Amino acid sequence: VTADTGATGQQGFWERRFGWFVAGASFYGSMRLIREAFQNMADIESKMTVIRRVSNEATADFGQMQKELLDLSVQMGQSWDDTSKIAIMWSQAGYNMRDTLELTKVSLLAMNTAELNATEATSGLIAIMAQWDLQAQQLLPTLDKINLVADRYAVTSGDLISGLQRSSGAAKLLGMSLEETISLLTILREGSGRTGREVGNALNSILSFIQRPNTRKALEDAGIQVWADTAQTQMRNVMDILRDVSKSWNGMSEDIQKTLLDSSLAVTGFTE
């Protein structure tokens with residue numbers, strides 16, 4: 001009886017100890033979760049305060065905006081830190097609450113498809129929108145075009161976004177369309193193996209090179225029409241000029257070929 005009582009008492013002792021351990025672990029675990037919850041709430045409120053401060057909308061429902069941003073974060077599988085950072089960048093770019101929510105969604109999609117971080121994806125898209133005068137509802141179809149090209153050719157969506165960021169201004173100035181610019185970036189990327197940043201800078205340099213007086217003279221000497229009007233106030237669409245160069249290349253003199261080739265290689269930094 002004594003032995004049984006001792007064994008039972010020993011078992012009860014360890015049961016109580018184990019119960020205390022479980023209770024303690026549960027208590028401190030709950031405290032940790034509560035502390036993390038408060039920290040997350042504070043971070044959410046901090047980021048929303050920044051958005052309120054940079055927004056020009058006095059009547060915007062920022063409570064609803066917060067809810068929709070949190071929903072976007074979950075739907076797109078991205079952190080609140082990235083989602084809120086993107087929303088702040090779009091707000092700072094001057095977009096209203098509704099447009100910011102739409103554009104934040106596109107940036108999150110770009111992160112998932114273009115392998116870019118929040119800052120890279122958003123800064124690139126902001127630049128593209130500004131240079132092509134796009135409205136908020138036009139950005140998602142534009143990203144769809146970029147992703148479609150990336151699916152079909154040896155170029156990534158990130159390459160194209162980076163390249164467009166650096167070349168769109170010059171391309172639009174010379175009458176190119178967004179689609180034509182994407183096509184040239186794709187050709188340069190596939191042909192050279194350079195990064196999107198490099199081919200974007202190269203295309204920008206090529207377009208600037210075409211506008212130089214000595215380049216225009218060399219093209220005119222080769223019989224290629226450069227100007228769109230007789231008063232020579234506006235250049236032809238650069239894609240039409242490049243098509244004419246391609247058609248006339250074999251008939252050009254070696255001097256003109258060398259001038260165009262050497263100069264274009266010099267401004268892009270590429271090699272033959």
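Which helix gives the largest share of the lining of the second largest pocket? That share comes from α7, with six residues. The model described here is predicted.

## The second largest pocket

The volume of this pocket is about 200 Å³. Its lining counts 13 residues. Nearest the centre lie Leu116, Glu120, Ser162, Arg166 and Arg197.

Three elements each give two or more residues to the lining: α5 (118–132), α7 and α9 (196–210). By class, the lining holds seven polar, four charged and two nonpolar residues.

## Helix α7 against α6

Helix α7 also packs on a neighbour. Its partner is α6. Helix α6 covers residues 136–152, and helix α7 covers residues 157–173. Their axes are 8 Å apart, at an angle of about 125°. An angle between 115 and 145 degrees falls in the oblique class, so α6 and α7 are oblique to each other. Their crossing is right-handed.

On the α6 side, the contact uses Leu143, Ile146, Asn147, Val149 and Ala150. On the α7 side, it uses Ser157, Leu160, Ile161 and Leu164. Seven of these contact residues are nonpolar and two are polar. None is charged.

## Helix α6 against α4

Helix α6 also meets helix α4, residues 97–114. Here the axes come within 9 Å and cross at roughly 10°. Angles under 35 degrees count as roughly parallel, so α4 is roughly parallel to α6.

From α4, the contact takes Asp99, Glu102, Leu103, Val106, Leu109, Ala110 and Thr113. From α6, it takes Ala136, Leu139, Leu140, Leu143 and Asn147. The contact of α4 with α6 has eight nonpolar, two polar and two charged residues.

Leu143 and Asn147 of α6 appear in the contact with α4. Leu143 and Asn147 also appear in the contact with α7.

## Helix α2 against α3

Another helix pair lies earlier in the chain. Helix α2 spans residues 62–75 and helix α3 spans residues 80–92. Their axes come within 9 Å and cross at roughly 130°. The two helices are therefore oblique to each other. The crossing of α2 and α3 is right-handed.

Met65, Leu69, Leu70 and Ser73 are the α2 residues in this contact. They meet Trp80, Thr83, Ala87 and Ser91 of α3. By class, the contact of α2 with α3 has five nonpolar and three polar residues, with no charged ones.

Definitions and conventions: Residues numbered from 1 in each chain as written. Predicted model: local features only at pLDDT ≥ 70, side-chain atom pairs only at ≥ 80, totals over all residues. Heavy atoms only, no water. Axes fitted to C-alpha atoms, helices over the stretch in contact; angles between N-to-C directions. Helix = DSSP H or I, 4+ residues; strand = E, 2+ residues; numbered from the N terminus. Parallel < 35°, antiparallel > 145°, perpendicular 65-115°, else oblique. Left-handed = near helix turned anticlockwise from the far one by under 90°. Contact = heavy atoms within 4.5 Å. Nonpolar A, V, L, I, M, F, W, Y, C, P; charged D, E, K, R; others polar. 1 Å grid on protein atoms, 1.4 Å probe; cavity = no way out; pocket = protein on both sides within 12 Å on 5 of 7 lines; lining within 4 Å. Points joined across faces, edges and corners; volume = space filled by probe spheres on them.
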